[in-house]
Amino acid sequence: MTVTALSKYQRLEAQALWRATPEAQRIDVIASVGEATLTITDTRDRVLAHWSLAAIARSNPGAHPAIYHPDGDPGETLEVPEDEVQMIEAIDKLRAAISRQRPRPGRLRLVGFLTSLAAVVALAVFWLPGAARKHALVVVPAVKRAEIGQSLLEHLQKVTGPACRGPGGAAALAELAKRLPAPQAAGAVRFLVVRGGVAGALRLPGGTVLINAALVEDYEEPDVVAGHIVAAYRRAEGSDPLDRLLAQGGISASLRLLTTGALPEEALRAHAEALLTDPPDPLDPEALLTGFRTWEIRATPYAYALDITGETVLPLIEADPFADAPPPPPILSDQDWLRLQAICVG
């Protein structure tokens, strides 16, 4: 644009009035546009001044006569009369073209600021939530996990009702916990039987496992409830219950836990509702079979409890680690099993 404008206006001349200083007299001059300068000469063709085209300012935009001066020196002026339309047009167009090509520090600063802001927002949206959650999972001690699990349990029991406490039931559950030690469980193992609301067995942060009463009341052998407990722990190994709670609660829940050691009641309430309404995560049959082998539990009773036809659980039945092997140690004595079956009676 600048080169085109220069080519168009080169050798353009016009009469004007020039004044070297504010105190000096104005004199008649000839202003001519060159390759990079505006040359001012007197009537005898003597050069009085050279102004850089890139450093010309106009002190009265839109008014006439058009008054120009070197940028930064308003004392030296050049007045171009209104009838010298081409010269005024030439100077103004050249100034505009050159101005557009100048670097824009303010614009660069704005672009830099917006880029930095976008990076900060991206970190806050994509990196910070995961990082805060992972840090919380590392630093939160087992006793705090147990407290969170208890708080979550209080919200769950508004739907499930209180844990069943029939005579001898607590002792039977304690024996079941001895037979099914949770591998690498964070917190003390505690089994609780509730009348409803829970699908199968549900592990909470801190080591508590909620068991639906139907698993002990509707089956003749404890292998079914044991299988559901294995499934609950295998799910917890694949997805930490506290991690799921924090992921649902968002960045605010993680930061609140890290800074105050507590979780918002709203986050606990929302997660309790999700645990009771969302279907359990599906489990890979091989992951389940590994649990059955480790804890020495028959897989077949659990499989038929899920699907009485056996069609959808065929891998568990066919690969039952104790189908043709010597029977594993009893899960519970007959007496403890009968006590457990009656835990919600009364």
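Is E296 buried, partly exposed or exposed? This tour of a predicted model begins at that residue and then moves through the chain.

**First selection: E296 and its loop**

Select E296, in the loop between α10 (285–295) and α11 (300–306). At 35% relative accessibility, E296 counts as partly exposed, because the partly exposed class lies between the 20% and 50% limits. Display the backbone here as well: phi of E296 is near 55°, a positive value in a residue that is not glycine.

Next, add P328, one of whose contacts is E296. P328 belongs to the loop between α12 (314–318) and α13. Its relative accessibility of 16% places P328 among the buried residues. Leaving aside neighbours within four places in sequence, P328 is in contact with R179, E296, R298 and F322. To see how the chain returns to this region, draw a distance from P328 to W295: the two are 33 residues apart along the chain, and their C-alpha atoms are separated by 9.1 Å.

**The whole chain**

Zoom out and colour by secondary structure. The protein chain has 13 helices and 10 strands. Of its 346 residues, 41% are buried. Among contacts between residues at least 6 apart in sequence, 59% join residues at least 24 apart. Switch to a surface representation: the chain exposes about 18700 Å², with carbon and sulfur atoms supplying 56% of that area.

**The pockets**

Where should one look for the centre of the largest pocket? Select L202, R235, R244, L275 and P280, which lie nearest that centre among the 24 lining residues. The volume of the largest pocket is about 400 Å³.

Now highlight the elements around the largest pocket. β9 (201–203), α7 (223–238), α8 (241–260) and α9 (265–277) each supply at least two residues of its lining. The largest share, 4 residues, comes from α9. Colouring the lining of the largest pocket by class gives 15 nonpolar, 4 polar and 5 charged residues.

Move on to the second largest pocket, which holds about 200 Å³ of space. Of the 14 residues that line the second largest pocket, P222, D223, R298, P330 and I331 are the closest to its centre. R298 has already appeared on this tour, as a contact of P328. The lining of the second largest pocket comprises 9 nonpolar and 5 charged residues, with no polar ones.

**The disulfide**

Which residues does the disulfide join? Select C164 and C344, whose sulfur atoms are 1.9 Å apart. The structure holds 1 disulfide. The torsion about the S-S bond of C164 and C344 is about 95°, so the disulfide is right-handed. This pair links distant parts of the chain, 180 residues apart: C164 sits in the loop between α4 (142–160) and α5 (169–179), and C344 in the segment after α13 (334–341). Both cysteines are buried.

From C344, step to V194, which is 150 residues away in sequence and 7.9 Å away in space, C-alpha to C-alpha. V194 is part of strand β8 (residues 190–194) and is buried, at 0% relative accessibility. Beyond its neighbours within four places in sequence, V194 is in contact with T160, G161, P162, A163, L210, I211, N212 and A213.

**Strand β2**

Select S32 in strand β2 (residues 27–33). S32 has a relative accessible area of 16% and is buried. Not counting residues up to four places away in sequence, S32 touches L12, E13, T37, L38, T39 and M87.

**Backbone features in the loops**

Go next to the loop between β3 (37–41) and β4 (47–52), where D45 is found. D45 has phi near 70°, a positive value in a residue other than glycine. With a relative accessible area of 63%, D45 is exposed.

The last stop is the loop between β5 (56–58) and β6 (66–70), which contains P61. P61 is exposed, with a relative accessible area of 67%. Draw a distance from P61 to D92: these residues are 31 apart in sequence and 9.2 Å apart in space, C-alpha to C-alpha.

P65 is likewise found in the loop between β5 and β6. What kind of peptide bond joins H64 and P65? That bond is cis, with omega about -5°.

Terms used
Residues numbered from 1 in each chain as written. Predicted model: local features only at pLDDT ≥ 70, side-chain atom pairs only at ≥ 80, totals over all residues. Heavy atoms only, no water. 1 Å grid on protein atoms, 1.4 Å probe; cavity = no way out; pocket = protein on both sides within 12 Å on 5 of 7 lines; lining within 4 Å. Points joined across faces, edges and corners; volume = space filled by probe spheres on them. Nonpolar A, V, L, I, M, F, W, Y, C, P; charged D, E, K, R; others polar. Buried < 20%, exposed > 50% of the residue type's maximum accessible area, 1.4 Å probe, protein only. Contact = heavy atoms within 4.5 Å. Disulfide = S-S within 2.5 Å. Areas by Shrake-Rupley, 256 points an atom, 1.4 Å probe, with all protein chains shown as cover.
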